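Colleague: I should like to learn how to read the features of a model such as this one. May we go through it together?

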Amino acid sequence: MSEQSTVDPKLDIVIERFIDAPTRLVWEALTKPEHLKEWYMPRAWGRVANAEIDVRPGGVIRIDIAVAGGQDVPNLGCILEAVPMERLVWTSMLFPGYRPAVFDDIPITAIMTMRSEGTGTRYVFTALHRNEGDVEANKTSGWLEGTEIATDQLVAHVMSMK
Amino acid sequence: MVQAAAADEVFHALSNPTRRRVLERLSAGPATVSELAAPFDMQLPSFVQHLSVLEESQLVTSSKRGRVRTYEIAPERLKVAEDWLTERRRSWEARLDRFEQYVKQLKEKETEP
């Protein structure tokens, strides 16, 4: 299952980090609402107002963001794969329960993998896009910058869980 | 259980002011994404996410004609919220009725010679 997708540099955004903590903690930080609330949103930009995750194929992933201006932004998707301590895949192209959802949005499929490396974990986040236009939009809108900051917050949060 | 899950979705959808305003607008009739987004000072992808939460709760439905997506309200789904509230009100009213009866009894006892 883990070899089913190949990265296309034109369509995918890849963020990679080494985290000096066991894969078990990285998996926890990615799959528990109380941990998602700590790192998912760049702290200078806002906070996570509500997080819900049902870690199984077809399960819900819902992370509502509250930004400084006061308006909430929801994020809703469906989990596609959940291999503990290895791989979590979800998409915003589907509603929970695999229900088809078609929107004029910028949908992504997110692949989060972790692999033991020495005493730590190699964490790779890949966002698959439909086309180069969507990639460009995510690079210029602040989405990429926010995701990079959030990934650094994930690293820091996992270190604090040790 | 199915009903409880539906109530979760519906009340979550109703818990946000942007989504409630969209429902208010759709109560007046169907509207396109850009018509719905116009009054809000919000990036379109963020706004569309609100529509997706509404659609997932089945409070609205959408259809696409050419490049234009149109939303409309699905009022029968609001019954999930209405039924839940009605049930709560009914049990409180029954409780208050019993309380009233009880107070009446106390009063009658007191006025007995």
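Colleague: How many residues has helix α5 of chain B, and how far does the helix reach from its first C-alpha to its last?

Modeller: The model is a predicted one. One compares the span of a helix with the span expected at 1.5 Å a residue. Helix α5 (residues 78-111) of chain B has 34 residues and reaches 49 Å, close to the expected 50 Å.

Colleague: Is α5(B) largely buried or largely in the open?

Modeller: Here one counts buried residues, a residue being buried if 20 or more other C-beta atoms lie within 10 Å of its own. In α5(B) the number buried is one of the 34 residues, so the helix lies largely in the open.

Colleague: At what angle do α2(B) and α4(B) pack?

Modeller: For a pair of helices, one reads the angle together with the separation of the axes. The angle between α2(B) and α4(B) is about 70°, and their axes are 10 Å apart. Since angles of 65 to 115 degrees count as roughly perpendicular, α2(B) is roughly perpendicular to α4(B). On the α2(B) side the contact is made by Thr18(B), Arg19(B) and Val22(B), and on the α4(B) side by His50(B), Val53(B) and Leu54(B). By class, this contact has three nonpolar, two polar and one charged residues.

Colleague: How many residues does each chain bring to the contact between chain A and chain B?

Modeller: An interface is read from both sides. Chain A brings 12 residues and chain B brings 14. Within chain B, helix α4 (residues 44-56) gives the most to the side that touches chain A, namely nine residues. That side of chain B comprises five nonpolar, six polar and three charged residues. For the complex, the predictor gives an ipTM of 0.72 and a pTM of 0.82.

Colleague: Where in chain B is confidence lowest, and where is it highest?

Modeller: One takes the mean for the chain, then the means for its elements. Chain B has a mean pLDDT of 90, with 97% of its residues at 70 or more. The lowest confidence in chain B is in helix α1 (residues 2-14), at a mean of 86, and the highest is in helix α2 (residues 17-27), at 95.

Colleague: To end with a single residue, is Tyr123(A) buried or exposed?

Modeller: The same count of C-beta atoms applies. Tyr123(A), in strand β8 (residues 120-128) of chain A, is buried because 24 other C-beta atoms lie within 10 Å. Leaving aside neighbours within four places in sequence, Tyr123(A) is in contact with Arg17(A), Ile19(A), Val26(A) and Met114(A).

Methods
Residues are numbered from 1 along each chain as its sequence is written. Chains are lettered from A and ligands numbered from 1 in the order in which they are written. This is a predicted model: local features need pLDDT of at least 70, side-chain atom pairs count only at pLDDT 80 or more; totals for chains, interfaces and linings use all residues. pLDDT is the predictor's confidence in each residue, from 0 to 100. Helices (H or I, at least four residues) and strands (E, at least two) are DSSP runs, numbered from the N terminus. A residue is buried if 20 or more other C-beta atoms lie within 10 Å of its own, exposed if 12 or fewer, and partly exposed in between; C-beta atoms are placed from the backbone. Two residues are in contact if their C-beta atoms, placed from the backbone, lie within 7 Å. Ala, Val, Leu, Ile, Met, Phe, Trp, Tyr, Cys and Pro count as nonpolar, Asp, Glu, Lys and Arg as charged, and the others, Gly among them, as polar. The expected span of a helix is 1.5 Å times one less than its number of residues. Axes are lines fitted to C-alpha atoms, for helices over the stretch in contact, and angles run from 0 to 180 degrees between N-to-C directions. Angles under 35 degrees count as roughly parallel, over 145 as roughly antiparallel, 65 to 115 as roughly perpendicular and the rest as oblique.
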